[in-house]
Amino acid sequence: MTTRTEPRFLESGYSSGRVECVEVAHMPADFRKSGHSGQDQDCVEVAELPCGPAVRGSRHPTAGHLPFPATEWTGFLSAALTR
């Protein structure tokens with residue numbers, strides 16, 4: 001997986017310097033497909049985020065991703081590999 005980088009949080013331009021505002025951050029991620037997928041466009045891609053792994057569909061990569069806490073991902077892999 002890729003090296004984790006800390007997110008850079010940005011304050012909304014609408015906050016007017018107030019303390020009680022929401023900040024957002026872009027989570028840089030390098031999504032990749034399994035080597036077993038070949039040239040198929042109907043794959044699930046995975047990336048490492050600071051909170052744990054994230055998955056997205058390769059057919060619609062701009063539609064967003066689904067992040068998982070590391071403990072849930074470990075449980076998923078354990079269950080998938082024992083089947």
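Here a trainee and a mentor talk through a predicted model of a protein chain.

Mentor: Quick ground rules: residues are numbered from 1 along each chain as its sequence is written, and side-chain values use heavy atoms, with hydrogens and water left out. As the model is predicted, local features need pLDDT of at least 70 and side-chain atom pairs count only at pLDDT 80 or more, while totals for chains, interfaces and linings use all residues.

Trainee: What makes up the protein chain, in which order?

Mentor: You get 1 helix and 5 strands, running β-β-β-β-β-α from the N terminus. Those are DSSP runs numbered from the N terminus: H or I over at least four residues for a helix, E over at least two for a strand.

Trainee: How do you know that strand 3 and strand 4 pair?

Mentor: Two strands pair if DSSP finds at least two bridges between them. Strand 3 and strand 4 (residues 52-57) have 6 bridges, in the antiparallel sense, so they count as a pair. Glu48, for instance, has Pro53 in strand 4 as its bridge partner, and Glu45 sits opposite Arg56 of strand 4. A hairpin of 2 residues links strand 3 to strand 4.

Trainee: Which strands are called edge strands?

Mentor: The open sheet has 3 strands in the order 3-4-5, paired antiparallel. Strand 3 (44-49) and strand 5 (66-67) each pair on one side only, and that puts them at the edges.

Trainee: Why is strand 3 called largely enclosed?

Mentor: Buried means under 20% relative accessible area, exposed over 50%, and partly exposed in between (1.4 Å probe, protein chains only). In strand 3, 5 of the 6 residues are buried, so the rest of the structure largely encloses it. Across the protein chain, buried residues are 19% of the 83.

Trainee: And why does Leu81 count as exposed?

Mentor: Leu81, in helix 1 (residues 70-81), has 72% relative accessibility, so it counts as exposed.

Trainee: Which residues form the nonpolar patch on the surface?

Mentor: Phe76, Leu77 and Leu81, with about 330 Å² of accessible area together. Accessible areas come from the Shrake-Rupley method with a 1.4 Å probe; for residues, only the protein chains shown count as cover. Patch residues need over 30% relative accessible area and no salt bridge, with nonpolar side chains (Val, Leu, Ile, Met, Phe, Trp, Tyr) joined within 5 Å and like charges within 9 Å. A salt bridge is a Lys or Arg side-chain nitrogen within 4 Å of an Asp or Glu carboxyl oxygen.
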